[in-house]
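Visitor: Hi! Could you walk me through how some helices meet in this protein?
Guide: Happy to, let's have a look together.
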Amino acid sequence: MARSDKDDLISLIEENGASAEIPTSLPLLPVRDIVIFCDMVLPLFVGREKSIRAVEEGLAKDGFLMLATQKDPAIENPGTDDIYTIGTVGRILRMLKLPDGSVKALVQASAKARITNYLRKRSSYRVKIELVEEKPVEEISLEIEALMRTVGENSEKIMSLRGEMSGDISTILESIEEPGKLADLVASNLKLKIQESQTLLELIDPVERLKKVNDLLSRELELSTVQAKIESDVKDEISKSQRDYFLREQVRAIYKELGEHDEKALEIEDYRKKIKRAKMPKDVDQEAIKQLKRLEQMHPDSSEATVSRTYLDWLVSMPWRKASKESFDIQKAKTILDTDHYGLKKVKDRILEYLGVRKLNPKMKGPILCFVGPPGVGKTSLGQSIARAMKRKFIRISLGGIRDEAEIRGHRRTYIGAMPGRILQGLKQCGSNNPVFMMDEIDKLGADFRGDPSSALLEALDPEQNSAFSDHFLNLPFDLSKVVFILTANLTDTIPSALLDRMEIITLSGYTEEEKMVIAQNYLIPRQIKENGLKLRSVSISSGALQQIISEYTSEAGLRNLEREIGAICRKVARKIAEGEKEPFGITKNSLPKYLGVPKYGPEMDQEESQVGLATGLAWTHVGGEVLYVEASLIGGKGDLIVTGQLGDVMQESARAAVSYARANLASLGLGEKKFENLDIHIHVPAGAIPKDGPSAGIAMATALISALTNKSVRNDVAMTGEITLRGRVLPIGGLKEKALGAMRAGIRTVIIPEKNRKDLAEIPRHLKRKIKFVPAKHMDEVLYQAIIGMKSKGKPKRVKAKRN
């Protein structure tokens, strides 16, 4: 029959036990979290280098070690003063080296000893010891026997309460006849503190030690009994729906029995400290104290208590007085803005002006700016650069598609899952009350039965009101006057006038080809090379190739498609390098189609030649300026006007005004009245699936119509924009720079503009003025003279080339 592990261990102890003589100097093994009593056999996991050396040294000789407990278990490298002087001599029965370098040693404590001197301290401890002889018990009196029986019975009771009782334990306890050994056995199994266990170990008198163990055992029995009673009471009180709270109730009951503060009291005290640290305004602090008192009176598991906790958590976590330390170094801020963005002088000047005023007047309220421009011109990234230049934190939220007022002003606390609006959420997230707060897509806010979010923004974006912004959830004033609000939009048409009036509009028109070249070389190409895992030497794009990408592969006011095309080139280069092809790769005009395919846009005008009844207008859309072709055709009929191309009411009125102007001036155009009697006029603006509206196509419609009536061609290299009146006057329009950029992208070289827009030429970049000739016109006659081939002028034509700035 095979021997069990227990039998092997007993024989091993008998073979190596007390028969060996204990040396007077031994390696020292400091142990943590345990006091080892005589006759204990236990495994020790040794991980410290000094301790491993001590185990190896002891095993190399006779297997003996001095085992002494550390006073503070947290000390990694204990000194001589950190170790108790009295411990036990142990013998290593087995040792096993673990894969992580540590050691597992099976040790039997055989005798009690005192450290008299430290012989070695550096590599590992070696100490001189003297054995501590216990006072012998000459006779087991009735008192000692009764004490031993009491200790045994109490030990059995504790084991029973813990659910650890077995028949072997009773047999072992009854078989021990020496008071000292019984005291050591019971003490080693009690959950005592280190100091209590060490005190027991240092008691030399076995009877005194047994009495001390009996006292500790009585206390432990009382605690175990109370614990069992608490568990029973808690189980009786908690219903099925409250089983999740069992552990919490158990801990609370323990605190109650011990007469200490319970969990609820600790929670209340924690909130009180947080409220004090938050440094709230006086009225907010009063409300927080009031809510805390209410929470104190509530049952901790009630739904009202959950609402109060959530409310208090928001109050103490809001940055009432926390602010980022600003930088007023204007020159440094200018450098940061110039490094991050090319051009955009007007925006940069506005930010630097704000910093200058803040430097002189620290109490100045934050500006509310609105960047308006087509997609991809850098509105959002500009906000991040502004925050970096001002050394403030940056928050961004998107307002596109938001229809619920509660998204801005929060929900009432009465609703389940209520929380503050996006503004206060952002401030809590960044932990500062003076961030740069960007709200994207302000022009795409919606409204429905849940309220109008744009109206909710009126208070937040009004400098006179936002110093006491009230959110529905907090229902307390919060100061937003230090926040720099930056909003973005593609168009201002859909922004309510009341909201628009509170914002300072800064227009970002778009970029010219020259600006795109500089931005691509300095920003886009390096960024795409880095993002695609390439190195600067791996790929190079020539200026000619870059120019071709801008003019033939993209047609936009911004830079998004340009960056996508550059990214596509970098991805293809990355694939080639991954396949083992040698670098560098040079992208030229000739090799560009291999990477991007055939060009998507023609570099010149869509009209290859001048035509009758076809005029080129200019439109300003949410994606920038674009050319708008207007076609006019005369067909047999009764003099009706047909307008197609999904034109809005304003454009239809412009068409009727153009027809009225033409009919009123038939004589001056060399046409008879009968020209209209048997003809229908059809005016069409292509791209019929796209809705169009606005007054600026009036002169283009009139030019196309008069071209059809006179059978004279309209110049294909001339575009025009302006509103027409019945008297032929040309009225001013908006978005001149955007329209000029659109004309340049289409290859137009002459643009007719209203005379009253001459002042706007100062905003046009110089290189754009060099490529396009702007012709101001007061009257329709001047437009016709410039646009229609062979048309005679009534007076001296006004061909004006814009002055260069």
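Guide: One term to start with: a crossing is left-handed if the near helix is turned anticlockwise from the far one by less than a right angle, and right-handed if clockwise. Also, keep in mind that this is a predicted model.

Visitor: Okay, so which hand does the crossing of α19 and α20 have?
Guide: The crossing of α19 and α20 is right-handed.

Visitor: And at what angle do those two pack?
Guide: Helix α19, residues 513–531, packs against helix α20, residues 543–553, at an angle of about 115°, and their axes are 10 Å apart. That makes α19 roughly perpendicular to α20, because angles of 65 to 115 degrees count that way.

Visitor: Which residues meet there?
Guide: From α19 you have Glu 513, Lys 516, Met 517, Ala 520, Gln 521 and Ile 525. They meet Ser 543, Leu 546, Gln 547, Ile 550 and Ser 551 in α20.

Visitor: What's the mix by class in that contact?
Guide: The contact of α19 with α20 has 5 nonpolar, 4 polar and 2 charged residues.

Visitor: Switching topic: how do α24 and α27 cross?
Guide: Helix α24 (residues 698–710) and helix α27 (residues 780–787) cross at roughly 60°, and their axes come within 10 Å. α24 and α27 are therefore oblique to each other. Their crossing is right-handed.

Visitor: Who makes the contact in that pair?
Guide: On α24, the residues are Ile 699, Ala 702, Thr 703 and Ile 706. On α27, they are Met 780, Val 783, Leu 784 and Ala 787.

Visitor: How many charged residues does the contact of α24 with α27 have?
Guide: It has no charged residues, with 7 nonpolar and 1 polar.

Conventions. Residues are numbered from 1 along each chain as its sequence is written. This is a predicted model: local features need pLDDT of at least 70, side-chain atom pairs count only at pLDDT 80 or more; totals for chains, interfaces and linings use all residues. Side-chain values use heavy atoms; hydrogens and water are left out. Axes are lines fitted to C-alpha atoms, for helices over the stretch in contact, and angles run from 0 to 180 degrees between N-to-C directions. Helices (H or I, at least four residues) and strands (E, at least two) are DSSP runs, numbered from the N terminus. Angles under 35 degrees count as roughly parallel, over 145 as roughly antiparallel, 65 to 115 as roughly perpendicular and the rest as oblique. Contact means heavy atoms within 4.5 Å. Ala, Val, Leu, Ile, Met, Phe, Trp, Tyr, Cys and Pro count as nonpolar, Asp, Glu, Lys and Arg as charged, and the others, Gly among them, as polar.
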